[in-house]
Amino acid sequence: PVLVVDFGAQYAQLIARRVREANVYSEIVPHTARVEDLLAKDPAAIILSGGPSSVYADGAPFVDPALFEAGVPVLGICYGFQAMAQALGGTVAQTGLREYGGTAVEVTRAGTVLSGSPEQQTVWMSHGDAVHAAPEGFEVLATSEGSPVAAFEDRERRLFGVQWHPEVRHSPLGQKALENFLYEGAGLAPDWNPGNVIAEQVERIRAQVGDARVICGLSGGVDSSVAAALVQRAVGDQLTCVFVDHGLLRDGEAEQVEQDFVASTGVRLKVVDARARFLTALAGHTDPETKRKIIGREFIRVFEDAAREVVAEAGDHGQEVKFLVQGTLYPDVVESGGGEGAANIKSHHNVGGLPDDLQFELVEPLRTLFKDEVRAVGLELGVPEAIVWRQPFPGPGLGIRIIGEVTAERLDVLRAADAIAREELTRAGLDREIWQCPVVLLADVRSVGVQGDGRTYGHPVVLRPVSSEDAMTADWTRMPYDVLATISTRITNEVPEVNRVVLDVTSKPPGTIEWE
Ligand code: XMP
């Protein structure tokens with residue numbers, strides 16, 4: 001793989017994505033990994049990401065010069081570029097001058113990474129310190145007002161660096177620069193694509209599972225459906241899918257799974273009505289992480305019961321279900337703090353929300369993939385488009401969209417409001433443009449309204465339409481006012497408990513997509 005060393009900002013994920021868009025497989029590793037550990041992964045190339053630090057800050061992450069002796073091609077970006085310059089004996093100056101945003105650079109020599117670049121170009125910068133002298137053996141390729149050395153390379157040792165962020169779309173030639181590094185600098189072929197994942201994962205799943213029985217938690221969403229289809233391809237009817245109706249679903253969800261997925265794949269499906277069990281477990285709880293952990297735990301308990309039934313129904317005594325398939329994605333892993341060195345933002349139900357005494361071994365064939373890659377894999381596997389293009393819906397469901405305690409009445413209110421919003425978004429043809437639009441019930445907030453001749457004292461719901469590429473970052477969707485107006489009018493007319501509809505205009509970061 002190409003290893004992307006994460007220096008702690010949000011950029012590492014983006015770089016990893018861009019590398020895969022260039023059809024080269026990439027993985028993220030923490031900056032705390034030792035050089036031996038990096039080399040043990042047999043990297044084809046290494047990219048040092050940007051980060052929030054200054055090389056002069058106390059405890060600033062540091063790059064072991066041994067990394068550059070291993071003969072592996074390296075590209076340093078922003079902080080990674082400065083750390084590289086410093087490790088190799090160049091000069092990094094604390095100029096006090098910040099370059100931020102679109103910045104003009106002059107390309108003085110195209111070299112490898114900038115080959116095909118015009119002499120003058122605009123790139124996205126975000127840094128304080130600047131490289132003033134390149135290390136010995138390096139050639140300077142570009143300069144900007146604040147950065148005398150804005151890009152360099154040592155072609156012989158295959159070491160490269162740029163001060164700016166080629167991975168962001170605001171650097172128009174950024175993807176080209178990354179591809180130059182991968183193809184020319186590191187000599188890699190663009191031969192990875194999500195389709196390769198299928199053959200590789202089928203092999204792995206067979207090796208892991210043998211002839212044991214497997215169950216898969218199927219939610220009807222893209223991730224679990226694609227995971228199930230992959231496992232089905234690998235081990236056929238050793239697989240039983242379990243659909244848990246936890247009462248936190250939206251309108252029509254259970255029916256849709258049977259219609260869309262089971263009908264097209266013929267997979268064996270077991271539907272479990274666990275509504276009472278989840279409500280009881282959630283009663284009295286308001287803390288988001290507690291709710292997430294309860295839901296994660298109850299899911300597993302339901303799977304354990306279902307597994308026993310599967311064995312009993314199959315009549316093969318003693319043959320236990322040892323494996324549980326989950327549609328865990330790369331962002332789930334990274335955001336649950338599983339990306340080694342990443343902060344725990346929230347416990348995604350299928351990662352950080354798992355109980356400690358888990359009886360199953362997990363099969364997670366999508367654990368290294370981003371959402372768009374999962375969609376590509378799904379299409380290739382013949383999963384119906386209606387599922388592949390479904391908007392994401394979180395496993396904990398409406399449980400994390402009721403701010404406050406989850407009760408049956410509140411779920412009914414939210415389900416009604418959500419159904420209206422979804423219907424109108426579909427009618428307006430916005431389903432693909434909008435990544436997803438959570439509808440959130442502020443169950444403990446009340447405000448005064450007037451409906452008919454009377455005063456109301458009802459609850460607000462929040463519309464949270466977002467646009468995103470992979471849910472790691474997102475922006476609020478500038479959707480047409482008239483669609484918003486229709487949704488608002490219909491919800492306040494048709495859902496008596498709701499007397500106010502508000503729009504969430506926060507990007508991610510700083511907000512997350514879901515409210516809890
Ligand atoms: P956040 O709220 O972290 O959400 O910005 C990012 C994406 O993940 C979805 N999400 C989840 N999906 N289990 C899931 O399967 C979870 O526990 C979970 N929490 C959030 C969210 O809907 C968005 O698409």
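Which residues does the UniProt annotation "binding site" cover? According to this unreviewed entry, the annotation takes in S219, G220, G221, V222, D223, S224 and S225. The structure examined here is a predicted model, and two of the annotated residues, S219 and V222, make a friendly place to begin a tour.

S219 sits in the loop that runs between β12 (213-217) and α6 (222-235). Because 23 C-beta neighbours lie inside 10 Å of S219, this loop residue counts as buried; the cut-off for that label is 20 or more. Once residues up to four places away in sequence are set aside, S219 touches S224 and G395. S224 itself belongs to the positions listed under the UniProt annotation.

V222, also covered by the annotation in the record, has its place in helix α6. V222 is likewise buried, since 24 other C-beta atoms are found within 10 Å. With neighbours within four places in sequence left aside, the contacts of V222 are V374, R375, G378, I387, V388, R390 and P392. P392 comes up again around the ligand, where it is listed among the closest residues.

Turning to the ligand, its surroundings can be described by number and by class. A total of 15 residues surround the ligand, and the closest are P392, P394, T512, I513 and E514. Sorted by class, this shell holds five nonpolar, six polar and four charged residues.

The beginning of the chain offers another region to explore. Strand β1 spans residues 2-6 and is mostly covered, with five of its five residues buried. Along β1, V2, V4 and D6 point one way, whereas L3 and V5 point the other way. Residues on both sides are buried, the charged D6 included.

How does β1 pair with other strands, and in what sense? With strand β3 (residues 45-48), β1 pairs in the parallel sense over four bridges, and V2 stands opposite A45 in that partner. With strand β2 (residues 26-30), the pairing is again parallel and runs over five bridges; here V2 stands opposite S26. V2 therefore has a facing residue in each of the two strands, A45 in β3 and S26 in β2.

A helix completes the picture of this region. Helix α1 (residues 11-21) joins with β1 and β2 to make a right-handed β-α-β unit. The two strands of that unit, β1 and β2, are the ones that pair in the parallel sense over five bridges.

Conventions. Residues numbered from 1 in each chain as written. Predicted model: local features only at pLDDT ≥ 70, side-chain atom pairs only at ≥ 80, totals over all residues. Near = placed C-beta within 6 Å. Buried ≥ 20, exposed ≤ 12 C-beta atoms within 10 Å, placed from the backbone. Pairing = 2+ DSSP bridges. Right-handed = clockwise from strand over helix to strand, strands pointing away. UniProt positions renumbered as here; feature names shortened; annotations may be inferred. Contact = placed C-beta atoms within 7 Å.
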